[in-house]
Amino acid sequence: MSSNSNDLARKELSGALGLSTSGSTPPLNLARWRPRLKGLVLPALIIVVLEIIVRIGWLPSYQMPAPSEIALTLGDLAEGALWKHIGASLLRVLLGFAIGAGLALLFAAWVGLSREAEAYLEPTFAGLRSIPSLAWVPLLLLWLGIDETSKVVLIAIGAFFPVYLNGVAAIRNIDRKLVEVGDMYGFSRRRLVRRILLPAALPGLFTGLRSGMSLAWMFLVAAELIAATKGLGYLLSDGRETSRPDIVLAAIIVLAVLGKLSDGLLAGLEKRFLAWRDTFNGQGS
Amino acid sequence: MSQALLDIHVERKTFAATTVLNNIHLQLQPRETVSLLGPSGCGKSTLLRIIAGLEQDFEGQRLSDTGPLAFVFQEPRLMPWLTVEQNIGFSDDGQYDKTWVAQLIEEVGLAGFADALPKALSGGMAQRVAIARGLYSRPQVLLLDEPFSAVDAFTRMKLQELLLQLAERHAIALLLVTHDVDEALYLSDRVLVMDNRPSSIRQELAVSLEHPRDRRDPLLARLKALALTELQRAHVI
């Protein structure tokens with residue numbers, strides 16, 4: 001009898017997996033790289049067209065330097081001050097993000113888990129959230145001066161709200177039916193959090209962390225544009241003041257790369273921790 | 001008669017102004033299979049949740065200590081981030097009894113799927129995991145809330161066989177909520193036909209047939225006619 005039900009289970013599974021076994025499999029390497037190559041088509045095209053347009057003089061190079069020129073500038077910077085600027089910016093972003101996201105996770109857990117905490121805290125946070133975060137800048141400068149603290153605090157404020165909002169939503173969107181399984185086993189509050197609530201909220205938490213990270217970079221630039229002696233934002237405003245669009249564009253490219261790297265890091269963690277998700281991956285054609 | 005595993009009297013259960021359950025007395029003997037049969041929304045699931053202790057707010061009393069029980073929900077309710085094995089041993093966190101889990105996986109016919117994630121399972125397989133999870137805590141009573149209502153008719157019959165087999169092997173009593181007359185009669189020793197709201201037990205049908213049963217047995221057909229008549233009188237069909 002039990003072997004009988006074994007067979008049945010196998011049949012059920014092969015039915016569930018039927019799609020993946022049918023159809024031809026193209027050569028592995030090409031299949032893996034093709035989507036990435038597709039993504040490179042548009043940027044490559046833009047670079048080539050820009051290079052041509054600038055070279056034949058349709059755009060003045062003091063306004064739009066040729067991509068090759070930007071590459072040279074980037075090379076020059078890399079031999080000199082670029083690493084100092086990157087180091088300064090990276091430190092600010094990471095510190096600000098760690099503080100902002102850390103506090104946000106703490107408050108999100110508190111508000112998400114306790115209706116009492118929600119009643120006390122949520123209106124205040126809703127009020128603070130409606131302040132455009134850059135409006136804090138003058139106050140931060142008055143209170144904390146123009147050194148590192150004010151920049152880190154601004155970045156922390158920027159990172160706080162997306163993480164907090166997504167965190168609370170993630171906890172409140174947890175399927176009540178899963179929580180009931182914990183109730184059935186008489187789980188304590190702590191065990192419920194560790195065994196059900198935290199893993200179930202993880203997808204939402206990652207969404208929050210990733211948008212928090214992108215806002216952290218945004219507020220870094222804002223902070224460094226306003227007052228800084230080093231950092232990528234400083235490089236941007238330095239390029240503007242010395243009429244060097246190539247430096248501005250080089251700084252923008254570095255910011256893009258760093259933003260992508262930090263997001264890629266979080267995306268990698270997300271993929272690793274959330275491999276269990278049964279989600280839509282887009283359609284083939 | 002041996003000591004009942006379950007003996008509960010629900011005087012009244014209300015949601016807001018509506019009375020859902022009214023004067024229900026339910027007993028369950030060791031190794032007995034009992035079905036609560038009634039339409040959706042008649043309060044039978046509520047009764048089951050009261051018995052399970054998920055619903056504390058009711059008028060009435062437990063007349064004996066309820067033995068160790070487990071609950072199988074209408075949906076599998078597996079933790080999607082845990083493997084089949086980890087889901088079955090869920091109540092013991094990380095330190096679950098691996099040999100016991102392996103035996104249960106074998107018994108519910110999922111050998112080879114210990115490390116599969118729920119997303120790779122079909123509905124019927126997921127419900128098998130849910131049953132194994134229910135059995136993991138070695139209950140004396142298994143409460144099932146329309147456990148097979150979401151699977152197709154053939155899978156349902158297979159799962160019904162499996163359930164009877166497991167109940168026999170582990171000597172557990174089953175209390176099953178269903179709206180499927182055939183399922184109730186095929187599985188149970190007693191079928192309790194529920195009244196429409198406010199629910200009470202309208203009639204008790206004893207099914208005196210040995211297991212394994214034949215689904216085509218004329219007695220089952222006669223009892224089905226009886227049950228349908230009762231349900232009709234209760235204005236549920």
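Okay, quick bit of vocabulary before we start: two strands count as paired if DSSP finds at least two bridges between them. Keep that in mind for the sheet, and remember that this is a predicted model.

So, chain B. There's an open sheet of three strands here, ordered β2-β1-β4, and the pairing is antiparallel. Who's at the edges? That would be β2, residues 18–28, and β4, residues 59–62, both of chain B. Each has a single partner strand, so one side of each is left without a neighbour in the sheet. From one strand to the next, the twist averages 10°.

Now let's look at β1(B), residues 6–15. β1(B) and β4(B) pair in the antiparallel sense over four bridges. If you want a spot to click on, take H9(B): its bridge partner in β4(B) is Q61(B).

What lies across β1 and β2 of chain B? Helix α1 of chain B, residues 44–52, running at about 125° to β1(B).

On to the helix pair. Helix α3, residues 98–107, packs with helix α4, residues 123–136, both in chain B. The angle is about 140° and the axes are 10 Å apart. Oblique counts here, because angles have to be over 145 to be roughly antiparallel; that makes α3(B) oblique to α4(B). As for handedness, α3(B) and α4(B) have a right-handed crossing.

And who's touching whom? From α3(B) we have W100(B), V101(B), L104(B) and I105(B), and they meet A132(B), L135(B) and Y136(B) of α4(B). By class, that contact of α3(B) with α4(B) has seven nonpolar residues, no polar ones and no charged ones.

Terms used
Residues are numbered from 1 along each chain as its sequence is written. Chains are lettered from A and ligands numbered from 1 in the order in which they are written. This is a predicted model: local features need pLDDT of at least 70, side-chain atom pairs count only at pLDDT 80 or more; totals for chains, interfaces and linings use all residues. Helices (H or I, at least four residues) and strands (E, at least two) are DSSP runs, numbered from the N terminus. Axes are lines fitted to C-alpha atoms, for helices over the stretch in contact, and angles run from 0 to 180 degrees between N-to-C directions. Two residues are in contact if their C-beta atoms, placed from the backbone, lie within 7 Å. Angles under 35 degrees count as roughly parallel, over 145 as roughly antiparallel, 65 to 115 as roughly perpendicular and the rest as oblique. A crossing is left-handed if the near helix is turned anticlockwise from the far one by less than a right angle, and right-handed if clockwise. Ala, Val, Leu, Ile, Met, Phe, Trp, Tyr, Cys and Pro count as nonpolar, Asp, Glu, Lys and Arg as charged, and the others, Gly among them, as polar.
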